[in-house]
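Here are my notes on the structure you sent round. They are numbered so that you can reply point by point.

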Amino acid sequence: MMPQNELRLLPWSGPDGKPCYLSTDDGGGYMSRLADNIEAVQLGMAAELVEDISAVLGNRDAGPEDLRRMLTELTGALRDVLRVATSRGHLLTVGEPHRGALHR
């Protein structure tokens, strides 16, 4: 459960690529579950993309178009994974108020 007044970064962007946030104290609500599911799909797609890229990089016949397409897809997947990591990292720090921040 999220403390009141805490915003959750959602795994999608709004108009003009701006971040979207959810304000709720119900971590099991419809929008929270939707965000959880979309994050899981995004992470799964990123894992599959890593395998696809490995195959393309191992193919000596892969041309510049193949590499450009893979880099474009990789950039999108990395953006999604960073958004998930940012959101989940924030939720971890919110869930542990005695620590205040994650320590390295």
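1. A word on terms before anything else: contact here means heavy atoms within 4.5 Å. With that cut-off, and leaving aside neighbours within four places in sequence, Leu-49 is in contact with Met-70, Glu-73, Leu-74 and Ala-77. Keep in mind throughout that this is a predicted model.

2. Now the overall layout. The protein chain has 2 helices and 2 strands, and from the N terminus on the order is β-β-α-α. There are 104 residues in the protein chain, and 25% of them count as buried. The accessible surface of the chain is about 7500 Å², with 57% of it belonging to carbon and sulfur atoms. If you look at contacts between residues at least 6 apart in sequence, 48% of them join residues at least 24 apart.

3. Back to Leu-49, and the core it belongs to. The largest nonpolar core has 7 residues: Ala-46, Leu-49, Ile-53, Val-56, Ala-62, Met-70 and Ala-77. Helices H1 and H2 (64-95) each supply at least two residues of this core, and H1 gives the most, with 4 residues. Two of the contacts of Leu-49, Met-70 and Ala-77, are on that core list too.

4. The strands come next. E1 and E2 run antiparallel and are joined by 4 bridges. One pairing to look at is Ser-13, whose bridge partner in E2 is Pro-19. The two strands form a hairpin with 5 residues between them.

5. Which residue in the turn of that hairpin has a positive phi? It's Asp-16, with a phi of about 60°, although it is not a glycine. Asp-16 sits in the loop between E1 and strand E2 (19-23). Its relative accessible area is 75%, so Asp-16 counts as exposed.

6. On to the charges: a search of the whole structure finds 5 salt bridges. One of them pairs Asp-36 with Arg-8, and the closest N and O atoms are 2.7 Å apart. That pair links distant parts of the chain, since Asp-36 is in helix H1 and Arg-8 in strand E1 (residues 7-13), 28 residues apart. Are the two partners buried or exposed? Arg-8 counts as buried because its relative accessibility is 5%, under the 20% limit. Asp-36 has 33% relative accessibility and therefore counts as partly exposed.

7. Another salt bridge is formed by Arg-88 and Glu-39, where the closest N and O atoms are 3.1 Å apart. Arg-88 lies in helix H2 and Glu-39 in helix H1, so this pair ties together parts that are 49 residues apart in sequence. Glu-39 is buried, with a relative accessible area of 1%, whereas Arg-88 is partly exposed at 37%.

8. A third one to check stays inside one helix. The side chains of Asp-80 and Arg-83 meet in a salt bridge at 3.6 Å, N to O. Both residues lie in helix H2, 3 residues apart, which is about one turn of the helix. At 15% relative accessibility Arg-83 counts as buried, while Asp-80, at 23%, counts as partly exposed. As for how the charges connect up, salt bridges that share partners join Arg-8, Asp-36, Glu-39 and Arg-88 into one network.

9. Last, have a look at Gln-42, which is found in helix H1 (residues 30-57). Why does Gln-42 count as buried? Its relative accessibility is 12%, and buried means under 20%. What does its side chain reach? The answer is the backbone oxygen of Pro-11, at 2.9 Å. Leaving aside neighbours within four places in sequence, Gln-42 is in contact with Pro-11, Asp-80 and Val-84. Asp-80 in that list is the partner of Arg-83 in the salt bridge from point 8.

Note on methods:
Residues are numbered from 1 along each chain as its sequence is written. This is a predicted model: local features need pLDDT of at least 70, side-chain atom pairs count only at pLDDT 80 or more; totals for chains, interfaces and linings use all residues. Side-chain values use heavy atoms; hydrogens and water are left out. Buried means under 20% relative accessible area, exposed over 50%, partly exposed in between (1.4 Å probe, protein chains only). Accessible areas come from the Shrake-Rupley method with a 1.4 Å probe; for residues, only the protein chains shown count as cover. A polar contact is a pair of N or O atoms within 3.5 Å; within protein, one must be able to donate a hydrogen and the other to accept it, and residues adjacent in sequence count only if both atoms are side-chain atoms. A nonpolar core is a set of buried Ala, Val, Leu, Ile, Met, Phe, Trp, Tyr and Cys residues joined through side-chain atoms within 4.5 Å. A salt bridge is a side-chain nitrogen of Lys or Arg within 4 Å of a carboxyl oxygen of Asp or Glu. Two strands pair if DSSP finds at least two bridges between them.
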